[in-house]
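Below is a note on cavities and cysteines, set out as numbered points. Please read it alongside the structure.

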Amino acid sequence: MNNLLVLPLLIPLCTAVFLLFIHKQIAWQRWISAISILLNLIVSSVILYQVKTDGIQTLYMGGWLPPYGIVFVADMLAALLILTTSIVGAACLFFAFGTMGKERESHYFYPFFQFLLVGVMGSFLTGDLFNLFVCFEVMLISSYALIVLGGTKRQLRETLKYILINILSSTLFVAAVAYLYGVVGTLNMADLSVRIAQAGQDGVLNVIAIMFLIVFSLKAGLFLFFWLPGSYSVPPAAISALFAALLTKVGLYALIRMFTLIFYHEPAVTHSWMAWMAAATMIFGAFGAIAYSDIWRILNYNVVISVGFIAVGLSVGTEDALNGTVFYLLHDMAAKALLFIVGGMLVYLAGTSRLTEMGGLIKRYPLMGWMFFIATLAIAGIPPLSGFTGKLLIIRGSLQEGYYLLTAISLASSFIVLYSLIKLFMAVFWGEEMKNGHTWPKINKGFTITAGSLCLLLIGMGFGSEWVYRFVSEAGNTLSSPATYIDAVLRSR
Amino acid sequence: MELYMSLAIGVIFTVGVYLVLSKSLLRIILGTSILTHGVHLLLLTMSRLKTGEAPLLGEKAEAYVDPLPQALILTSIVISFGVTSFFFVLAYKAYQKLGTDDMEQLRGKDDE
């Protein structure tokens with residue numbers, strides 16, 4: 001029992017409720033949400049420290065022992081993810097201060113932001129399947145509100161599609177939960193894992209596993225990503241940075257949990273499906289990343305490619321590949337936030353998102369140009385930076401298991417990522433400066449500090465890989481031996 | 001009993017999917033709410049419909065029906081109620097601003 005575990009969820013929840021009452025006082029809202037997210041950063045670090053020193057932490061809600069109550073579990077993966085969520089959330093929040101605009105800020109932007117964090121933190125920490133569904137809904141409903149906030153025509157149109165697709169996937173989620181409860185009779189993840197291991201993963205359970213695969217793939221944008229490029233291009237930059245960094249990653253986390261803890265008995269069925277889906281995701285994502293000459297489209301298809309890449313690590317499922325998955329997941333959350341923050345700033349400065357209408361920005365904004373360049377190299381996986389270690393581990397894992405075609409596609413997708421982002425970099429920063437009587441706004445300090453610290457984080461994760469790997473390998477170990485997790489949750493029974 | 005319920009739920013799902021695939025936005029929203037009815041009935045059915053008293057300890061019965069799915073359904077009902085009302089208001093707002101409820105005409109280009 002460790003009461004600290006509920007704080008990452010409770011802090012944003014209380015903040016959000018309090019902020020509802022002072023929605024006119026923008027300065028107060030900013031201060032309070034900044035303090036709350038920094039507090040969350042501290043709490044997440046303490047939890048990470050506790051998990052590192054004392055092993056997996058659990059909290060039984062209301063003192064009911066599992067499988068009867070709801071249990072919160074922080075293993076190494078969850079602890080790392082909540083820390084990264086706090087960091088990325090803080091970055092997006094500070095970026096939002098300078099860019100969101102009075103109108104949106106006084107219409108409950110900060111409460112929605114905090115409610116989104118509640119959902120994300122809850123999804124990472126919960127140890128109960130139906131509670132995961134509820135946390136998903138908390139996250140999704142806040143994301144509906146954030147995506148439509150402002151109410152332009154494009155936002156309304158894309159939100160209709162985004163809501164529809166998420167209602168359908170939530171419906172499927174409940175149906176899958178119903179089937180699973182009908183077969184196994186429990187919803188606690190650790191208990192589910194035990195009972196499925198006892199009963200053997202037979203035909204019905206395979207079907208249910210594939211239903212969950214479909215549900216979480218819809219949320220994560222794995223193969224079923226057709227909704228993603230449209231809906232992530234319409235909200236303001238701070239919000240799409242938050243979405244790109246967190247929302248699809250929650251879906252990926254759910255996939256990782258499901259297929260390492262619960263449905264790991266028949267990898268020939270589930271994991272090979274996932275491998276095919278990952279390959280298709282990378283290929284189609286690559287088409288999109290090459291095809292468009294619009295900043296938002298290129299960045300969104302890069303999100304899709306990275307989802308495919310992370311799924312490769314999960315579908316291979318050896319220890320190396322899982323370590324790589326965790327490493328790449330953490331790196332990708334920070335890197336995508338940086339990429340979208342810088343991309344959003346570019347669109348704001350140039351007043352357009354088309355590459356053909358931009359050029360020569362390096363003379364006016366050199367710091368921003370080099371930050372974008374570092375983000376590009378990190379995402380492509382150039383050695384001293386943070387994307388390299390994760391990619392190396394995933395590729396080593398898949399080569400050891402003999403997935404040669406999948407490895408080739410993953411490597412090719414890295415080239416495409418590099419090509420599409422360098423194309424963006426060259427079109428925007430190099431060449432002739434556009435001369436259309438445009439007045440160049442000044443960059444505010446908030447942006448420089450936020451993007452700069454994310455940049456330093458990526459560089460630090462790259463040079464300090466050895467140090468980060470100590471945490472990551474422990475997370476990977478827990479994933480590859482479900483018994484550790486189960487013992488920690490059910491030990492008091 | 002479970003068989004009849006399964007058949008009925010199958011019909012509800014079919015109708016829901018058909019409605020979601022149609023052009024008009026209102027029919028789509030109705031489709032989603034029919035689909036959620038389907039999954040709620042499915043949750044109820046999957047916990048077996050054996051005869052037993054309502055799960056109230058005051059009934060002092062030999063056997064009770066499973067209380068867990070009822071709690072799950074109740075949670076899911078209010079969530080889908082919230083989402084559906086949001087969806088309706090969004091559809092209203094979208095109709096006001098975009099001037100159509102035909103999904104075919106909501107296919108957007110980037111430059112508008």
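1. A cavity is a set of points, on a 1 Å grid over the protein atoms alone, where a 1.4 Å probe fits but cannot get out, and lining residues have an atom within 4 Å of a point. Grid points are joined across faces, edges and corners, and a volume is the space filled by probe spheres set on the points.

2. This is a predicted model, in which local features need pLDDT of at least 70 and side-chain atom pairs count only at pLDDT 80 or more, while totals for chains, interfaces and linings use all residues. Residues are numbered from 1 along each chain as its sequence is written, chains are lettered from A and ligands numbered from 1 in the order in which they are written, and side-chain values use heavy atoms, with hydrogens and water left out.

3. Five cavities of 30 Å³ or more are present in the structure. The second largest holds about 60 Å³ of space. Its lining consists of A:Phe136, A:Met139, A:Leu140, A:Tyr162, A:Asn166, A:Lys219, A:Trp227, A:Tyr232 and A:Leu247. By class these are seven nonpolar, one polar and one charged (nonpolar: Ala, Val, Leu, Ile, Met, Phe, Trp, Tyr, Cys and Pro; charged: Asp, Glu, Lys and Arg; polar: the others, Gly among them).

4. H6 and H7 of chain A each supply at least two residues of that second lining, and H6(A) gives the most, with three residues. Helices here are DSSP runs (H or I, at least four residues), numbered from the N terminus.

5. The largest cavity has a volume of about 120 Å³. Of the 15 residues that line it, A:Phe133, A:Ser170, A:Thr171, B:Thr36 and B:Ser80 lie nearest its centre. Which helices each supply at least two residues of this lining? They are H6 (129-148) and H7 (153-184) of chain A, together with H2 (25-46) and H3 (67-98) of chain B. H7(A) gives the most, with five residues. The lining of the largest cavity has seven nonpolar, seven polar and one charged residues.

6. Over all chains, zero disulfides (pairs of cysteine sulfur atoms within 2.5 Å) are found. Why is A:Cys14 not bonded to A:Cys135? The A:Cys135 sulfur is the closest cysteine sulfur to that of A:Cys14, but at 15 Å it is too far for a bond. For A:Cys455 the closest cysteine sulfur is in A:Cys92, also 15 Å away and too far for a bond.

7. A:Cys14 is partly exposed, at 47% relative accessibility, whereas A:Cys455 is buried, at 5%. Buried means under 20% relative accessible area, exposed over 50%, and partly exposed in between (1.4 Å probe, protein chains only).

Note on methods. On a 1 Å grid over the protein atoms alone, a cavity is a set of points where a 1.4 Å probe fits but cannot get out, and a pocket is an open set with protein on both sides within 12 Å along at least five of seven lines; lining residues have an atom within 4 Å of a point.
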